[in-house]
Amino acid sequence: MSIDQDPNTTEVMRWLLNYNEEPIRINEAEQAVSLSHVEDGEVFLQMDGRQLPLKSIKSYWYRRGNWQIDKPALSAEDKALEEESAKFLKRENDAVIEYLHHKLKAVPWLSDHASATGINKDIVLDTAREHGLSVPPSLITGSRQVLLEFLDKHKEIVTKAIRTAIRYYTPTHWLPMYTEELTEEMAQSLPETFGLSLFQKKIPKRYEIRSFFLENEYYSMAIFSQKDAQTATDFRRYKHEKPNRTVPFTLPERIRSKLQKVMKSLGLKTGSIDLMVTPAGEYFFLEVNPIGQFGMTSYPCNYFLERRIAQYLKDGK
């Protein structure tokens with residue numbers, strides 16, 4: 001289950017074809033597979049005019065997107081009834097889609113819709129703290145006064161999305177949202193109250209770490225982003241003409257052990273974990289993205305993660 005803009009899915013499918021498997025890709029925008037029917041708890045899908053029993057599927061990998069179910073056109077003289085009927089049909093479809101995701105967990109799976117899309121960043125930070133990982137001092141507020149007190153206490157702070165950042169596409173541009181440093185001047189310019197926002201103390205860094213986690217295995221990369229003003233706060237502000245130096249990295253056992261407990265508590269089999277290491281050598285946990293890009297770690301470090309994922313889907317482990 002993916003979207004057509006995701007190159008990682010394509011690379012994994014190429015490896016599966018190399019292993020003589022028959023991968024089926026369901027893109028959210030145009031789905032080659034649809035729901036046929038559910039009878040006595042058995043799900044039947046439809047593809048190329050033929051039925052495909054769900055129990056015949058060997059393994060399942062959720063990347064992005066969701067099932068789409070056609071909605072019948074509604075028309076009624078009573079517009080309130082028409083709107084209520086539309087809401088009813090949506091609830092019915094949502095219930096079936098939820099059931100589909102539930103049934104797919106009966107086969108070997110790598111990631112699932114609920115954990116990948118429903119993860120809450122603040123719950124993740126709490127979980128990391130509970131398992132002994134250092135987390136930057138954090139604040140959620142919509143009050144300028146509370147924010148100014150937090151800034152006065154920590155001197156340097158950053159702001160980031162509480163859950164999912166905006167990714168706005170136009171025909172010619174992609175406008176992403178990054179972690180940004182917030183100055184006192186910027187804070188003072190805010191209205192007395194504003195939308196709830198997440199702020200954290202800015203942690204001095206020696207380097208950042210992106211670690212791809214897959215069933216008790218860690219494929220980590222150190223990113224030396226601190227010496228470039230463009231990437232110092234957020235390494236995702238890639239500098240293509242002079243990219244940050246990146247190298248394979250081995251996490252200390254104490255950090256791996258704590259991360260293992262975090263991932264287990266969150267019910268995640270895989271995900272991209274972001275960490276920061278200070279000049280004094282202290283590790284700070286930043287976040288985990290269950291569907292994060294792993295090509296950026298795979299290619300520079302020669303981890304061949306696309307092949308490893310394909311092997312997992314082929315063997316169910």
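Mentor: Two strands count as paired if DSSP finds at least two bridges between them. Strands are DSSP runs of E, at least two residues, and helices are runs of H or I, at least four, all numbered from the N terminus. The model is predicted, so local features need pLDDT of at least 70 and side-chain atom pairs pLDDT 80 or more, while totals for chains, interfaces and linings use all residues. Residues count from 1 along each chain as its sequence is written, and side-chain values use heavy atoms, without hydrogens or water.

Trainee: What makes S5 and S8 a pair?

Mentor: There are 3 bridges between S5 and S8. The cut-off is at least two, so they pair. They run antiparallel. One partnership is Ile157 with Leu182 in S8.

Trainee: Why are S4 and S8 at the edges of the sheet?

Mentor: The 4 strands form an open, antiparallel sheet, ordered S4-S9-S5-S8. Strand S4 (138–143) and strand S8 (180–182) each have a single partner strand, so one side of each lacks a neighbour in the sheet. Neighbouring strands are turned by 40° against each other on average, direction ignored. Axes here are lines fitted to C-alpha atoms, for helices over the stretch in contact; angles between N-to-C directions run from 0 to 180 degrees.

Trainee: Which strands does H5 lie across?

Mentor: H5 lies across S4, S5, S8 and strand S9 (193–201), at about 150° to S4. Contact means heavy atoms within 4.5 Å.

Trainee: Why is Lys155 called exposed?

Mentor: Its relative accessible area is 58%. Exposed means over 50%, buried under 20%, partly exposed in between (1.4 Å probe, protein chains only). So Lys155 is exposed. Lys155 sits in the loop between helix H5 (144–154) and strand S5 (157–160). Its phi is near 70°, positive in a residue other than glycine.

Trainee: Is Phe304 exposed or partly exposed, and how do you know?

Mentor: Phe304 has 40%. That falls between the two limits, so Phe304 is partly exposed. Its loop joins helix H8 (295–301) and helix H9 (305–315). Phe304 also has a positive phi, about 50°, though not a glycine.

Trainee: What makes a space a cavity?

Mentor: On a 1 Å grid over the protein atoms alone, a cavity is a set of points where a 1.4 Å probe fits but cannot get out. The structure holds 1 cavity of 30 Å³ or more. The largest cavity has about 60 Å³ of space.

Trainee: How many residues line the largest cavity?

Mentor: The lining has 14 residues, Trp61 and Arg63 being among those nearest the centre. Lining residues have an atom within 4 Å of a point. Strand S13 (residues 270–277) gives the largest share, 3 residues.

Conventions:
On a 1 Å grid over the protein atoms alone, a cavity is a set of points where a 1.4 Å probe fits but cannot get out, and a pocket is an open set with protein on both sides within 12 Å along at least five of seven lines; lining residues have an atom within 4 Å of a point. Grid points are joined across faces, edges and corners, and a volume is the space filled by probe spheres set on the points.
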